[in-house]
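Okay everyone, thanks for coming. Let me put the chain up on the screen and then talk you through what's inside.

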Amino acid sequence: MRAIELFCVVFWCLCAATWASTNREPCQSPSMTSGTLSVSSTGGHDIAEGHFNYNSTAKRLRFVENESHSHKTSHMDVLIHFEEGVLYEIDSKNESCKKQTLKYHRHPMELPSDTHYESEAYLGSPTKSEQGLRVRMWNGKLPDLHANYTMLTTSCGCLTVSYCYHSEKTDLYFSFMNVETEVDDAHVFAPPAYCDGVALEDTPDDHSFFDLFHD
């Protein structure tokens, strides 16, 4: 079995053995979050790592890939307005911008309303001070993408810890680190001026946030 699938299955089994599933409503993520997002694929191949800012009220996400993390010739800088269904690919060095439709709105920063609560467990030790993290496990299906997911959030605060995405096309693992419940500069959610007047390219209905990450 491939590495990421194995990780998700093993963790699911451990959680299920620790706490029995109960009915629980999906928690709500904080209005503002920021931190480091790392994305890897099956086999542990690093795909991207960088800084994210997310506004859960306005449903806006900015992700800027860390240029020192890899030897890529180009690095990702994307701004997504989920409510408006618009994705901006930004090149600040050349002051150019690409603007696409994004009709599929689901992503790892927020729990869907139809998610299924599985269990609660500790990562690390539940008895040693500052040596454990209490998390809740959720899972569900993304039928339009022919995919399913497993998501861990903190029990207190509803911060995303990790997200396993499995589809017919790819398997992805998202890790969230050094997360803060604030955004230093709210202007990161506004497209730069050189995006004004750029034509909006139409994309398929199943074009999603997950398509940004591939080997």
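So, two cavities of 30 Å³ or more turn up here. By cavity I mean a set of points, on a 1 Å grid over the protein atoms alone, where a 1.4 Å probe fits but cannot get out. The largest one holds about 80 Å³, with volume taken as the space filled by probe spheres set on the points.

Before I go on: this is a predicted model, where local features need pLDDT of at least 70, side-chain atom pairs need 80 or more, and totals for chains, interfaces and linings use all residues. Numbering starts from 1 along each chain as its sequence is written, and side-chain values use heavy atoms, leaving out hydrogens and water.

What lines that largest cavity? S29, P30, T33, F52, Y54, M109, C158, L159, T160, F176 and V179. β2 (46-55) and β11 (171-180) are the elements giving two or more residues to this lining. Lining residues, by the way, have an atom within 4 Å of a point. Eight of them are nonpolar, three polar and none charged. Nonpolar here covers Ala, Val, Leu, Ile, Met, Phe, Trp, Tyr, Cys and Pro; charged is Asp, Glu, Lys and Arg; polar is the others, Gly among them.

Zooming out, the chain has one helix and 12 strands, and the helix leads from the N terminus, with the strands following. Those are DSSP runs: H or I of at least four residues for helices, E of at least two for strands. Of the 215 residues, 47% are buried, meaning under 20% relative accessible area with a 1.4 Å probe, protein chains only.

Conventions:
Buried means under 20% relative accessible area, exposed over 50%, partly exposed in between (1.4 Å probe, protein chains only). On a 1 Å grid over the protein atoms alone, a cavity is a set of points where a 1.4 Å probe fits but cannot get out, and a pocket is an open set with protein on both sides within 12 Å along at least five of seven lines; lining residues have an atom within 4 Å of a point.
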